[in-house]
Amino acid sequence: MNMSISLMPMNGTITPPRVVFEAGEYEKDRLVAGERVEFRLKEGVKIETVVGRGEPAQSCVWNARGEVLYRGGMWKGKKEGFGISYYANGGKQYEGLYRCGLREGEGVSYLRQGVVQYRGRWHQDEIENGAWTVCFHHIPLVLLAIEQP
């Protein structure tokens, strides 16, 4: 098992913009199986990733306050496959499929109160077809069903 620690200086300052810890199996100086933790100091983001050979890595992303922002697949730094995005309050924001960082395929978006906002298909982060839900005095109502040929 190899281990790599990368401290990358930013414009000659002492504080690096990110710190990366890796452990696992390497090919041509690239982690192909193992674990990776990255701290993006300027953004205050922490990303933990379990890397598998040729498949989306399973990742967890936190903000500076330690709140989970995303759990799920990532490929080349973008959301890929199944994942769940979260509001800062811990509630789900979106649960479903991603492709190249965009919502793609079946998914559910939620209002901050935890009520389903939309359930259906997405294409390039846009609604393809499904049903919208709105709340009237905290009572969820289906507003519109969208069907496209």
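**A strand hairpin, two nonpolar cores and a buried serine**

In the hairpin formed by strands E9 and E10, where 5 residues lie between the strands, Gly114 adopts a positive phi near 95°. This description rests on a predicted model. Strand E9, which covers residues 102-110, runs antiparallel to E10 and is joined to it by 6 bridges; within this pairing, Ser109 stands opposite Tyr118 of E10.

Tyr118 also belongs to the largest nonpolar core, a group of 9 residues that is completed by Val45, Ile47, Val61, Tyr70, Met74, Tyr94, Tyr98 and Trp122. At least two residues of this core are supplied by each of four strands, namely E4 (45-52), E6 (68-75), E8 (92-99) and E10 (116-123). Apart from this core lies another, made up of 5 residues, including Cys60, Trp62, Val68 and Tyr86. In soluble globular proteins, nonpolar side chains tend to be buried together.

Among the members of the largest core, Tyr94 may be considered through its surroundings. When residues up to four places away in sequence are not counted, Tyr94 touches Gly83, Ile84, Ser85, Arg103, Glu104, Glu106, Gly107, Val108, Ser109, Tyr110 and Trp122.

A polar residue, Ser59, is found in strand E5, which spans residues 55-62. Ser59 counts as buried because its relative accessibility is 6%, where the cut-off for burial is under 20%. The side chain of Ser59 is joined to that of Thr49 by a polar contact of 3.1 Å. With neighbours within four places in sequence left aside, Ser59 is in contact with Glu48, Thr49, Arg71 and Gly72, as well as with Tyr70 and Met74, and the latter two, Tyr70 and Met74, are members of the largest nonpolar core.

Technical notes:
Residues are numbered from 1 along each chain as its sequence is written. This is a predicted model: local features need pLDDT of at least 70, side-chain atom pairs count only at pLDDT 80 or more; totals for chains, interfaces and linings use all residues. Side-chain values use heavy atoms; hydrogens and water are left out. A nonpolar core is a set of buried Ala, Val, Leu, Ile, Met, Phe, Trp, Tyr and Cys residues joined through side-chain atoms within 4.5 Å. Buried means under 20% relative accessible area, exposed over 50%, partly exposed in between (1.4 Å probe, protein chains only). Contact means heavy atoms within 4.5 Å. Two strands pair if DSSP finds at least two bridges between them. A polar contact is a pair of N or O atoms within 3.5 Å; within protein, one must be able to donate a hydrogen and the other to accept it, and residues adjacent in sequence count only if both atoms are side-chain atoms.
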